[in-house]
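Colleague: I would like a close look at a single part of this model, the paired strands in its core region. Please take them one after another and then place them in the rest of the chain.

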Amino acid sequence: MLRQMIRIRRFEERCVRLYSAERIRGFLHLYIGEEAIAAGLLGEIGPQDAVVSTYREHGHALARGVPMAALMAEMFGRATGCSGGRGGSMHLFDATRRFYGGNAIVAGGLPIAVGLALADAMRDRSVVTVCLFGDGAMAEGEFHECLNLAALWRLPVLFACENNRYAMGTSLAREHAVTDLALRAASYGVVSWAVDGMDAEAVAEATRRAVTAIRAGGGPCFLELRSYRFRAHSLYDADKYRDKTEIEDWKTRDPIPRLSAALLSAGVLDADGLAAIEATVTTELDEAISAAEAGPLEPVADLTRHVYAERP
Ligand SMILES: Cc1ncc(C[n+]2csc(CCOP(=O)(O)OP(=O)(O)O)c2C)c(N)n1
Ligand SMILES: [Mg+2]
């Protein structure tokens, strides 16, 4: 989990530099601060399970096992990217790993997740669909429709709400009449509880418990993962709606030093081991960027491909 969190953090820090230098373009929503959720949650499911994500999904894709080189090529808009260079930051996709996006529409992944779970259930497959979404998605109608249907049909969905306390510039209390999000989800008859989303071990433990219950046929579960984004909503948001002391306070709970300190004090990891992880990640990143930049752009002749499904 530590290795995974460091990969995600360094990937995004490098993306900031590439973006500022105009080497990559489009939108850039950073996950910095929230890495414990991706690392803790996605390490607990198997390749047969499905994942549905949001536009803040670099960390989800990396933790799901989408190769960093395919992600970086996508950021560069190259044909070698995981979405053929057509998606960019918000539309990472990898069907071979059952990673069903990347979605620019707030709450847009929820109906997709419920549909995937329904399909798996109808085929008697014992698999779980993990559906990640933000606190803002819980103010959308789709959330209510999806929670109701998933509970009614006892579908194998793990609803994973990344509550980072803001939806763009709107704080939780200005957006929701009931700010206890786990309580809201429980009202649909879905087993729900809140977890410290800054603690990778706590996220992993909660996920194990939820996935075991779902695989046993208990129907959906909901986790409210309480977290915080250290950076603005997207790269060039002026971030005027948050108190700087609030940001600094949450940074003291940074999940990466928290887990590395725990591993160091338990004697599981030493300073050399930590440096080795960093060095491996730096090499992986350097190679991913070189390969991405060397990758081809899609030929103009292919411009209209994939607009409609291709018939044989
Ligand atoms: C249906 C829809 N409405 C509005 C937007 C504009 N929008 C983009 S991100 C966002 C905030 C979402 O916040 P949250 O779900 O908490 O996710 P976070 O950005 O905090 O990870 C909004 C309103 C959108 N993309 N889709
Ligand atoms: Mg949010």
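Modeller: Strand β1, residues 50-52, pairs with β2 in the parallel sense, and three bridges join the two. Within this pairing, Ala 50 has Thr 129 of β2 as its bridge partner. Please keep in mind that this is a predicted model.

Strand β2 covers residues 129-134, and six bridges connect it to β3, again with the two strands running parallel. In this second pairing Gly 134 is set opposite Glu 162 of β3. So β2 has bridges to β1 and to β3.

As for burial, six of the six residues of β2 are buried. In a regular strand, side chains alternate between the two faces of the sheet. For β2, one side carries Thr 129, Cys 131 and Phe 133, the other carries Val 130, Leu 132 and Gly 134, and every one of these is buried, which leaves both faces covered. Thr 129, the bridge partner of Ala 50, is thus on the side with Cys 131 and Phe 133. Gly 134, opposite Glu 162, is on the side with Val 130 and Leu 132.

Strand β3, residues 157-163, gives a similar account. Seven of its seven residues are buried, so the strand is largely enclosed by the rest of the structure. Its two faces are both covered: Val 157, Phe 159, Cys 161 and Asn 163 are buried on one side, and Leu 158, Ala 160 and Glu 162 are buried on the other. The charged residue Glu 162 is therefore among the buried positions of β3.

The ligand comes next. Ligand 1 is surrounded by 14 residues, and the closest include Gly 134, Asp 135 and Gly 136, along with Val 106 and Ala 167. Gly 134 thus appears both in this list and in β2, where it is buried. The shell around ligand 1 consists of seven nonpolar, four polar and three charged residues.

Val 106 leads to the loop between α4 and α5, where its neighbour in number, Ala 107, lies. Ala 107 is not a glycine, yet its phi is positive, at about 75°. Ala 107 counts as buried because it has 21 C-beta neighbours inside 10 Å. Arg 98 sits in the loop between α4 (68-75) and α5 (109-122). Its phi is near 55°, again a positive value in a residue other than glycine. Arg 98 is buried too, with 20 other C-beta atoms within 10 Å, and the cut-off for burial is 20 or more.

Records overlap this region. An unreviewed UniProt entry lists residues 99-119 as "transmembrane region". In the model that span is 52% helix and 0% strand, and its end C-alpha atoms lie 16 Å apart. UniProt also annotates residues 4-297 as "domain: Dehydrogenase E1 component", likewise in an unreviewed entry. Over residues 4-297 the chain is 46% helix and 11% strand, with 29 Å between the end C-alpha atoms.

Finally, the whole protein. It has twelve helices and seven strands. Its radius of gyration is 19 Å, close to the 20 Å that the globule rule gives for 312 residues, so the protein is as compact as a globular protein of that length. The C-alpha trace spans about 60 × 50 × 40 Å along its principal axes. Of the 312 residues, 45% are buried. Among contacts with a separation of 6 or more, 75% are between residues 24 or more positions apart.

How values were computed: Residues are numbered from 1 along each chain as its sequence is written. Chains are lettered from A and ligands numbered from 1 in the order in which they are written. This is a predicted model: local features need pLDDT of at least 70, side-chain atom pairs count only at pLDDT 80 or more; totals for chains, interfaces and linings use all residues. A residue is near a molecule or strand if its C-beta atom, placed from the backbone, lies within 6 Å of it. UniProt positions are given in the numbering used here, feature names are shortened, and annotations may be inferred rather than shown by experiment. Helices (H or I, at least four residues) and strands (E, at least two) are DSSP runs, numbered from the N terminus. The radius of gyration is taken over C-alpha atoms; the globule rule is 2.2 Å times the number of residues to the power 0.38. A residue is buried if 20 or more other C-beta atoms lie within 10 Å of its own, exposed if 12 or fewer, and partly exposed in between; C-beta atoms are placed from the backbone. Two residues are in contact if their C-beta atoms, placed from the backbone, lie within 7 Å. Two strands pair if DSSP finds at least two bridges between them.
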